[in-house]
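A visitor wishes to learn how a structure is read, and a guide has agreed to reply. Please look at the sequence and the model before reading on.

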Amino acid sequence: MNFGNLRIALIVNIVGLFAITSVSAQTSYHAIIVNVKDSKPIAYASVSINKKRIGILADAHGNINLPTSNILLSDTLDISSVGFSPLKISLADARKVTVIRLYEASGDMENVIIKSYLNEAVEGNKVEVSGYFRSWPTKSKGGEIGKIFIAKADEILVDRIRFKVNNQCQACQVRVRIRAVSNGYPAEELFVDSISMPVKKLNFDDRYTEFDLSSKNIVIKQKELFVSLEVLYCSGEPCSFCFIGTEPGTFMYKNKGNTDWLESASHNLYLRFYYKY
């Protein structure tokens, strides 16, 4: 047996394994959408997944950053823009390229609806003075607390999510989630990306904390949705974390990721949801 050749074969196999692992471990897909005619970027093109109710928009320079952690390689991306022929492509094929080219549409452009999202709206609490609070575990993962919102349109562009907490830990990391609603309860996630932010020490009378999602170009195609917050972890001892409410009301929560949703009217969660339509 030629051990030299065996060593080379093993090295090649190991390198190949790392390459496969690297591709499968990718959690986002980056590309630019351009006009096939002149290679100019197509601003604000729409990208949806399997015609689901969630999608993203390209930025002003045609760039997209699509989270893929919860998407299968066989899933289909539907890419469209006014004045261009729509394109369907599997995620597996899309990941082979970094430039997506659309052809200009030919023929009549009747019945084309241009989404401009010129109207702004906000749902949720109005009073900011702290009145209620609910302590929250700082070590268990998967628990969420949030509210159901009814938007003013069937298609909206998410802007900001505002909330209030009392945080006596050294620091906490909080994640925002957006879910569909089924039979009055939170259902599947509408936004597959993981967006979290650090929350520093805060007292009851301090101002709100806010997720600015305007640069994410998150488009949701339904009126009823559930917005929730998840505490990923906290550091420092002693450590106490509370969600603050300002007005009587109801919220839904679950203590861990594998538990059922519960409804409570004993406290309230200060939560404001800003969007455009």
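The conversation below concerns disulfides, aromatic rings and a pocket.

Guide: This is a predicted model, in which local features need pLDDT of at least 70 and side-chain atom pairs count only at pLDDT 80 or more, while totals for chains, interfaces and linings use all residues. Residues are numbered from 1 along each chain as its sequence is written, and side-chain values use heavy atoms, with hydrogens and water left out.

Visitor: How many disulfides does a search of the whole structure find?

Guide: A disulfide is a pair of cysteine sulfur atoms within 2.5 Å. Cys169 and Cys239 form one, with their sulfur atoms 1.9 Å apart. Cys172 and Cys234 form another, with sulfur atoms 2.0 Å apart. The search of the whole structure therefore gives a count of two.

Visitor: Why does the sulfur of Cys242 form no bond with the closest cysteine sulfur?

Guide: A disulfide requires sulfur atoms within 2.5 Å. The closest cysteine sulfur to that of Cys242 belongs to Cys169, and it is too far for a bond, at 9.2 Å.

Visitor: Is Cys239 buried, partly exposed or exposed?

Guide: Buried means under 20% relative accessible area, exposed means over 50%, and partly exposed lies in between (1.4 Å probe, protein chains only). Its partner Cys169 counts as buried at 0%. Cys239 has a relative accessible area of 23%, so Cys239 is partly exposed.

Visitor: What kind of ring pair do Phe241 and Phe243 form?

Guide: Rings of Phe, Tyr and Trp (its six-membered ring) pair if their centres lie within 6.5 Å; planes under 30 degrees apart count as stacked, over 60 as edge-to-face and the rest as tilted. By this rule there are ten aromatic pairs. For Phe241 and Phe243 the centres are 5.2 Å apart and the planes stand at 80°, so the pair is edge-to-face.

Visitor: Which strand gives the most to the lining of the second largest pocket?

Guide: A pocket, on a 1 Å grid over the protein atoms alone, is an open set of points where a 1.4 Å probe fits, with protein on both sides within 12 Å along at least five of seven lines; lining residues have an atom within 4 Å of a point. Strands are DSSP runs (E, at least two residues), numbered from the N terminus. The second largest pocket is lined by 21 residues, and β1 (28-35), β3 (54-57) and β4 (63-67) each supply at least two of them. With five residues, the strand that gives the most is β4.

Notes:
Helices (H or I, at least four residues) and strands (E, at least two) are DSSP runs, numbered from the N terminus.
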